[in-house]
Amino acid sequence: MTAPDDELGPESVELVRPYVITNGRGLPDRDRFDLITLVTASAGDRRTDRLDPEKRSLVKLCEGGYLSVAEIAGHLRLPIGIVKVLLSDLAEAGYVQTRTPVPPAQLADIQVLQEVLDGLQARFG
Amino acid sequence: MDSRRALGDNVHLPEKVQIAAKILVVGHFAVGKTTFIGTLSEIPPLRTEETMTQAGADVDDLKGIRGKTTTTVAMDFGRLTLNERLVLYLFGTPGQQRFVQVWEDMTRGALGALILVDPQRLRESFAVMDLVEKYGIPYAIAVNRFDGTPSRADEELREALDLLPETPIVTCDARDERSSANALMALVRYLQSRTR
């Protein structure tokens with residue numbers, strides 16, 4: 001017998017138009033979630049059984065550690081814009097938290113570039 | 001499709017990762033972007049889609065047919081954890097002018113772009129080069145060598161693509177890990193030289 005929870009897997013996503021998943025809301029502040037903003041589930045035992053199935057899947061995916069917004073969208077097979085709306089709601093309700101992406105400051109770039117180069121060299125020789 | 005397909009052990013980032021950086025891998029259709037990303041990525045490349053609704057007036061080929069149209073743009077991307085605090089994402093996307101919304105998202109915070117070109121189809125690279133330049137993203141050219149492709153002289157390419165004298169041109173085989181990594185490193189060295 002199938003548990004009620006299992007009847008609402010991500011397959012159901014394809015049966016509804018994207019804005020239905022976001023309860024008709026438009027896009028949130030686009031600056032809050034970048035493609036590479038790193039997201040994880042907040043610590044603590046939060047009940048997810050009353051969340052929409054897509055939000056529940058998202059929180060579950062993020063329980064394992066940090067992932068970028070793009071990876072979350074890829075794994076859940078949802079458009080980026082939809083994932084941003086879901087994340088915005090979940091962050092507000094305390095289910096997920098983020099790490100800020102690299103600031104575009106010049107100084108940070110110099111250091112990041114050196115680390116990228118060193119990392120690539122170490123990995124690929 | 002099994003929605004609960006098991007995710008591998010290395011899906012999530014190591015706990016200490018603090019910084020995410022982004023480099024774009026761009027080029028025309030079928031130039032080898034996804035192959036390049038797949039060769040270097042530590043995870044199987046993922047695909048995300050952005051759905052856009054546009055007013056019909058902005059879409060030349062559908063003008064007059066209906067008021068609105070929805071376009072889906074796919075982006076393939078991969079990931080490389082480069083040290084315990086830094087992860088690099090490689091994003092590949094096609095270069096159509098009308099996907100402006102996606103380009104704004106993609107280019108924000110990007111360190112630079114590697115433009116893959118096929119020497120036999122140079123003209124097809126012009127549109128994507130225009131976009132990269134429009135968004136002010138510093139770039140290097142990587143000539144993806146397909147089997148049996150005769151190499152063209154760098155100077156010939158530089159002239160055909162109207163490149164600045166300092167823009168790097170590297171040759172790579174997108175299927176080869178080392179060759180692809182070398183192309184990426186050439187871009188990073190160029191980006192470093194610009195910040196000095």
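**Close-up 1. The surroundings of G112(B) in a predicted model.** Let us start at G112(B), whose contacts beyond four places in sequence are I23(B), I137(B), P138(B), Y139(B), L187(B) and L191(B). The model shown here and in the other views is a predicted one. G112(B) belongs to strand β5 of chain B, which covers residues 112-117. It counts as buried because 21 C-beta neighbours lie inside 10 Å, and the cut-off for buried is 20 or more. Look also for I137(B): 25 residues separate it from G112(B) along the chain, yet the two C-alpha atoms are 5.5 Å apart.

**Close-up 2. Strand β1 of chain B and its covered residues.** Here we follow β1(B), residues 19-26, in which eight of eight residues are buried. Which residues point one way from β1(B), and which the other way? I19(B), A21(B), I23(B) and V25(B) point one way, while A20(B), K22(B), L24(B) and V26(B) point the other way. Both sets are buried, K22(B) included. As a reminder, side chains in a regular strand alternate between the two faces of the sheet.

**Close-up 3. The strand partners of β1(B).** Two pairings can be traced in this view. With strand β4 of chain B (residues 86-93), β1(B) pairs in the parallel sense over eight bridges. With β5(B), β1(B) also runs parallel, and four bridges join them. L24(B) is a handy residue to follow through both pairings: it stands opposite F91(B) in β4(B), and its bridge partner in β5(B) is A113(B).

**Close-up 4. I115(B) and the largest nonpolar core.** This core has 78 residues, and the members that touch the most others are V69(A), L88(B), L114(B) and I115(B). Zoom in on I115(B) and, leaving out residues up to four places away in sequence, you will find it touching V26(B), G27(B), S125(B), V128(B), M129(B), V132(B), Y139(B), I141(B) and A142(B). Y139(B) may look familiar, as it is also among the contacts of G112(B).

**Close-up 5. Helix α2 of chain A and its buried side.** Now we turn to chain A and its helix α2, residues 53-62, where E54(A), S57(A), L58(A), L61(A) and C62(A) are buried. They lie on the same side of α2(A), because they cover an arc of only 130 degrees around the axis. An α-helix has 3.6 residues a turn, so residues three or four places apart point the same way.

**Close-up 6. Where chain A meets chain B.** In this view, 37 residues of chain A are in contact with 39 residues of chain B. On the chain A side, β2 (67-68), α3 (69-76), α4 (80-92) and α5 (106-124) each supply at least two residues. Which element gives the most to this side of chain A? That is α5(A), with 12 residues. By type, the chain A residues that touch chain B divide into 21 nonpolar, 10 polar and six charged.

**Close-up 7. Chain A from end to end, and how confident the prediction is.** Chain A has five helices and three strands, arranged along the sequence as α-β-α-β-α-α-β-α. Of its 125 residues, 35% are buried. Among its contacts between residues at least 6 apart in sequence, 69% join residues at least 24 apart. The mean pLDDT of chain A is 79, with 68% of its residues at 70 or more. Over residues 1-14, pLDDT stays under 50, and the model has 13 contacts beyond four places in sequence for this stretch.

Technical notes:
Residues are numbered from 1 along each chain as its sequence is written. Chains are lettered from A and ligands numbered from 1 in the order in which they are written. This is a predicted model: local features need pLDDT of at least 70, side-chain atom pairs count only at pLDDT 80 or more; totals for chains, interfaces and linings use all residues. Two residues are in contact if their C-beta atoms, placed from the backbone, lie within 7 Å. Ala, Val, Leu, Ile, Met, Phe, Trp, Tyr, Cys and Pro count as nonpolar, Asp, Glu, Lys and Arg as charged, and the others, Gly among them, as polar. pLDDT is the predictor's confidence in each residue, from 0 to 100. A nonpolar core is a set of buried Ala, Val, Leu, Ile, Met, Phe, Trp, Tyr and Cys residues joined through C-beta atoms within 7 Å. A residue is buried if 20 or more other C-beta atoms lie within 10 Å of its own, exposed if 12 or fewer, and partly exposed in between; C-beta atoms are placed from the backbone. The arc is that of the directions from the helix axis to the C-beta atoms. Two strands pair if DSSP finds at least two bridges between them.
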